[in-house]
Each structure stands twice: as structure tokens, then as C-alpha cells.
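Biologist: I am new to this structure and should be grateful for a close look at a single part of it. Please choose one hairpin, describe it with care, and then relate it to the rest of the chain.

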Amino acid sequence: MLTSMGDVMREAHKRGWITTRDGNISLRREDKFYITPSGVRKYLIHPEHIVKYYVDDFDDTLMGRNEGTPSGELEMHRLLQTTADFEGCRAVVHLHPTYIIAAIHRGFDLQKLAADFPEVSRYTKVGPTVPVLPVISKELAIATHEVMTDIFSSSLEYDIVGQAGHGVCAIGKSPWDAFEHIERLEHICQIVLASGVNP
Ligand SMILES: [Zn+2]
């Protein structure tokens, strides 16, 4: 599964959904947490580059030797990987898919868009969009976690949310599972923008 973190990055780069050093992925399996490194060319990521932690010791303790620095979006991943309903295995994927960001910028509400397209709404729950916030900020981490989760149960409520002027955050059982949520939403955003309809 660590290999698929790099594979998803390569696919995202190939599709133009990230520039060379953008995007980040985390994976949690039981009490272990894995995240892509910061500042590395994302199409070169392999399991040996992944930064590893124990979930109950995020501050310092790394598992074994870690050469890399974790993604600057570590806090966003940490919050999304430690919700009350975590079970077994979870992947969080953050990318910058072109048409989703364009649709948000144009003024489309992603939740309303998804409701019009059964190919998305059947498989992917789209949450409210996070407003424009500084990249790798605590505010972005907290806001993304807030819209992704139920306020009362602190459990995950959605599979994907947009982040205005920036990207998306998607969650699945594996990196490819999360990637598929992004792919589905990206596809309908491309269709809607191509159709010329206005928000
Ligand atoms: Zn980003």
C-alpha cells in the first residue's frame, strides 16, 4: 500500500492535477501513520521516502530512521486520520485537480453539482467547500477537518471536499480509492465547464 502512495502521485502528476512538488498523501494503518515527504519531486516518491509516525506520538517519535521532512499539510492529515470513527485503514489524498478548482472559482457549489450527476452522487459524498485559506496553515487544516466531519459525532461525513483557490481533500480505504473520488468529481466539473452553463 505504501507503493500506491507514490503511484497515485505519479498518476496525478501525469494528469496535470499537481505540479512537480504539489500534493500529499497520508495512510493510516492501525496505530501507524505514513505521509509523503515535503519538497520532493512527487513523481519520484517510493516507499523509502515515506515519513512514518506512531499515531499516539506525532510530535517527535519517528518509526526507525526517517530521512525526510513530512508534508507541510501534516496537520490536515493528522486531524483527518484521527477522527472518532477510524477503523483499520484509511488514506487521505490532497491534490490540485484543475477542473474542480476552476468550477469552485467560477462559483459552482460542488455539492449541488454532484447531486445533478448520479455517476458521482451514487459513489461519492461531496462535502461543503472550504473557503480560501493560506496553504499549509493550521486554519486550512482545521477548516478542512470541520467540513469533512459531523459536528456532533466527530465522524467522517464526506468522501471529498473542495478547497477554494487550492485543491481537494479526499478520503478512502486506500490511496486509489480516494483518488477515484477525485477522478469522479473532476470529470463532472470538466463536463459542466465544457457545457457553458453558469452557476
Ligand atoms: Zn495543496
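Modeller: Helices and strands are here DSSP runs, of at least four residues for a helix and at least two for a strand, and they are numbered from the N terminus. In these terms, glutamate 30 belongs to the loop between S1 and S2. The hairpin formed by these strands is the part I shall examine, and the model in which it appears is a predicted one.

Strand S1 covers residues 24-29 and strand S2 covers residues 32-35; the two run antiparallel and are joined by 4 bridges. One of the facing pairs consists of arginine 29 and, in S2, lysine 32. The hairpin has 2 residues between its strands. Glutamate 30 has a positive phi, near 50°, and is a residue other than glycine. As a rule, most residues other than glycine have a negative phi. Glutamate 30 has 10 other C-beta atoms within 10 Å, and therefore counts as exposed.

Asparagine 24, which is also found in strand S1, presents another picture. Because it has 28 C-beta neighbours inside 10 Å, asparagine 24 is classed as buried. Apart from neighbours within four places in sequence, asparagine 24 is in contact with Ile35, Thr36, Ser71, Glu73 and His94. Glycine 72 lies 48 residues from asparagine 24 in sequence, yet the C-alpha atoms of the two are 8.7 Å apart in space.

The pairing continues beyond the hairpin. Strand S3, residues 51-54, runs antiparallel to S2 and is joined to it by 4 bridges. Phenylalanine 33 has tyrosine 53 in S3 as its bridge partner.

For comparison, consider the hairpin of S6 and S7. Strand S6 (residues 160-163) pairs with S7 in the antiparallel sense over 4 bridges, and glutamine 163 has glycine 167 in S7 as its bridge partner. There are 3 residues between these strands, and glycine 165 in this hairpin takes a positive phi near 65°. S7 also pairs with strand S5 (residues 89-95), again in the antiparallel sense, over 5 bridges; here leucine 95 stands opposite valine 168.

S7 itself, residues 167-172, is mostly covered, with 6 of its 6 residues buried. In a regular strand, side chains alternate between the two faces of the sheet. Both faces of S7 are covered: Gly167, Cys169 and Ile171 are buried on one side, and Val168, Ala170 and Gly172 on the other.

Among the helices, H2 (residues 74-81) is likewise mostly covered, 7 of its 8 residues being buried. The buried residues of H2 include Leu74, Met76 and Leu80, and also Glu75 and Arg78. In helix H3 (residues 98-106), the buried residues are Ile100, Ile101, Ala103 and Ile104. Viewed down the axis of H3, these buried residues fall within an arc of 160°, so they line one face of the helix. They pack against helix H4 (110-115), S6, S7 and helix H7 (175-195). Just after H3, glycine 107 takes a positive phi of about 110°.

H7 also meets helix H1 (residues 2-14): the two pack at an angle of about 25°, with their axes 9 Å apart. H1 and H7 are therefore roughly parallel to each other, since angles under 35 degrees count as such. At this contact Ser4, Met5 and Val8 in H1 meet Pro175, Trp176 and Phe179 in H7.

A further positive phi belongs to isoleucine 136, at about 50°, although this residue is not a glycine. Isoleucine 136 lies in the loop between helix H5 (118-121) and helix H6 (138-148). Its 14 C-beta neighbours inside 10 Å are why isoleucine 136 counts as partly exposed.

Finally, the protein as a whole. The protein has 7 helices and 7 strands, and from the N terminus on its elements run α-β-β-β-β-α-β-α-α-α-α-β-β-α. The radius of gyration is 16 Å, close to the 16 Å given by the globule rule for 199 residues, so the protein is as compact as a globular protein of that length. Its C-alpha atoms fill a box of roughly 55 × 40 × 30 Å along the principal axes. Of its 199 residues, 42% count as buried.

How values were computed
Residues numbered from 1 in each chain as written. Predicted model: local features only at pLDDT ≥ 70, side-chain atom pairs only at ≥ 80, totals over all residues. Buried ≥ 20, exposed ≤ 12 C-beta atoms within 10 Å, placed from the backbone. Pairing = 2+ DSSP bridges. Rg over C-alpha atoms; globule rule 2.2 N^0.38 Å. Arc of directions from axis to C-beta. Contact = placed C-beta atoms within 7 Å. Axes fitted to C-alpha atoms, helices over the stretch in contact; angles between N-to-C directions. Parallel < 35°, antiparallel > 145°, perpendicular 65-115°, else oblique.
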